[in-house]
Amino acid sequence: MKIEYLSESNPDYKCLEEYISNGSFGSAAEQWLIDAQTENKLGIENLKSQSAELFSQEETGSEIEHLFSSKIAVPTKYDSLLQYSIVSALMNKIKSSAEILALNNQQVPCFTSLPTGEGNASALKLPGSSKVFLLFDSHLFTFCHLFSKAFSLCLPISVNEDDNVKYSVELAKLKSHIENNNNQCVDRVQDLLHCFCVNKRPVETKAYQAPEDYLPLINVLKDGMQLMIVGHEFGHLCSGHLDKELQFAVINSAIEDDLSDQHTKEYEADFLGALLALQALNSDGRDVVLSYTAVELFYSAMILCARYSRYTLGKKNKHFEEAESAAHPTFINRKHLIRHAIKNVEGIEKYRDAIDILGEFSDQCVDMLWMEIIKKCSSK
Ligand SMILES: [Zn+2]
């Protein structure tokens, strides 16, 4: 078992490796290299010992030899096998969705995921290559995983006689569940926000196991959030934002006239990203309304991050809301617009009332959670 670096044989990935090594995607390239090499070496050793154990009884020596001589490809020498496999799985789902929805514009992007700690992702063209590159901060995926877990714990659930898990959407129950904080849901979310927004390392969040009853919910929320990240960048590609002559506006009817070109592009990528993510969840047999709530949860999580960052920086205006930048509209506006646009999509419009009800419930949960986090922080 050996790692193959695509940058050694593929000129596009060579360009990517140069882009990374000159610090263009983040300044800690040297450290990424050391971490990736250490992590990958350990990962390969673990895989080898597991396979040796698994095959020792039944397989012949030559089969093990074949397995050990096989290669696992990663884009560049900066890539972690684990992180690349996470983003590859998401990318495959989004690509399949693009084919089903006939959104694929025939360009196959190169992609990678590196621990920048900036919560950033981008779709761009690099000098020396005609390919489109989708680049992600790998911490974002870790954050989404941990957020879906901590956020799920904020929702009250009950198990009926048939062992079926029931999620309550009663606001009074939600409120007392969060305020009581019996399962430490508020502490879990706050710890994660702190590790992601302040320390830039979500992986430092205190480890815990979620109760088994929550696992199905955690999984769908995690998938929705992570697919939305990849879907958004893929949305830039499908909209032709990197390729002037392919440009077309998909949600003109839903947006205001005086938006900047840059903001319009972000809304378009959001809308296509949400469609792609929903299609991927639908292909996995997920419920449409819950899937949409999961996709939208990514924006709610980013709103909480913006509030938490501003709070810790002492920018204590009334609600600690973010300000829009030239490059991006606020996450609040983006969430609002996606919900508005998605409800008009053929096939989804029949779920519009249910989407509104569950969306409102999720929003209330975020706000109640934020109130408790503020209380907790200001009492310290
Ligand atoms: Zn974007």
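I began with the largest pocket of this predicted model, and I noted for it a volume of about 1000 Å³. I then looked up which residues form its wall, and I found that 40 residues line the largest pocket, with Glu118, Gly119, Asn120, His328 and Phe331 lying nearest its centre.

Next I checked which elements give two or more residues to the lining of the largest pocket, and I wrote down one strand, β4 (121-125), together with the helices α7 (185-198), α8 (215-238), α9 (261-283), α10 (288-312) and α11 (331-342). The largest share of that lining comes from α10, which gives 7 residues. When I sorted the lining of the largest pocket by class, I got 17 nonpolar, 12 polar and 11 charged residues.

I turned afterwards to the second largest pocket, in which about 580 Å³ of space lies. I found 26 residues lining the second largest pocket, and those that lie nearest its centre are Glu39, Gln83, Pro115, Ser138 and His139. The elements that each give two or more residues to this second lining are the helices α2 (29-55), α4 (81-100), α5 (138-153) and α8, along with the strand β3 (110-114). By class, I recorded 10 nonpolar, 11 polar and 5 charged residues in the lining of the second largest pocket.

My last entry concerns domains: which of them supply the lining of the second largest pocket with at least three residues each? I found that both domain 1 (1-79) and domain 2 (140-378) do so.

Key. Residues are numbered from 1 along each chain as its sequence is written. This is a predicted model: local features need pLDDT of at least 70, side-chain atom pairs count only at pLDDT 80 or more; totals for chains, interfaces and linings use all residues. Side-chain values use heavy atoms; hydrogens and water are left out. On a 1 Å grid over the protein atoms alone, a cavity is a set of points where a 1.4 Å probe fits but cannot get out, and a pocket is an open set with protein on both sides within 12 Å along at least five of seven lines; lining residues have an atom within 4 Å of a point. Grid points are joined across faces, edges and corners, and a volume is the space filled by probe spheres set on the points. Helices (H or I, at least four residues) and strands (E, at least two) are DSSP runs, numbered from the N terminus. Ala, Val, Leu, Ile, Met, Phe, Trp, Tyr, Cys and Pro count as nonpolar, Asp, Glu, Lys and Arg as charged, and the others, Gly among them, as polar. Domain bounds come from an automatic or database domain assignment.
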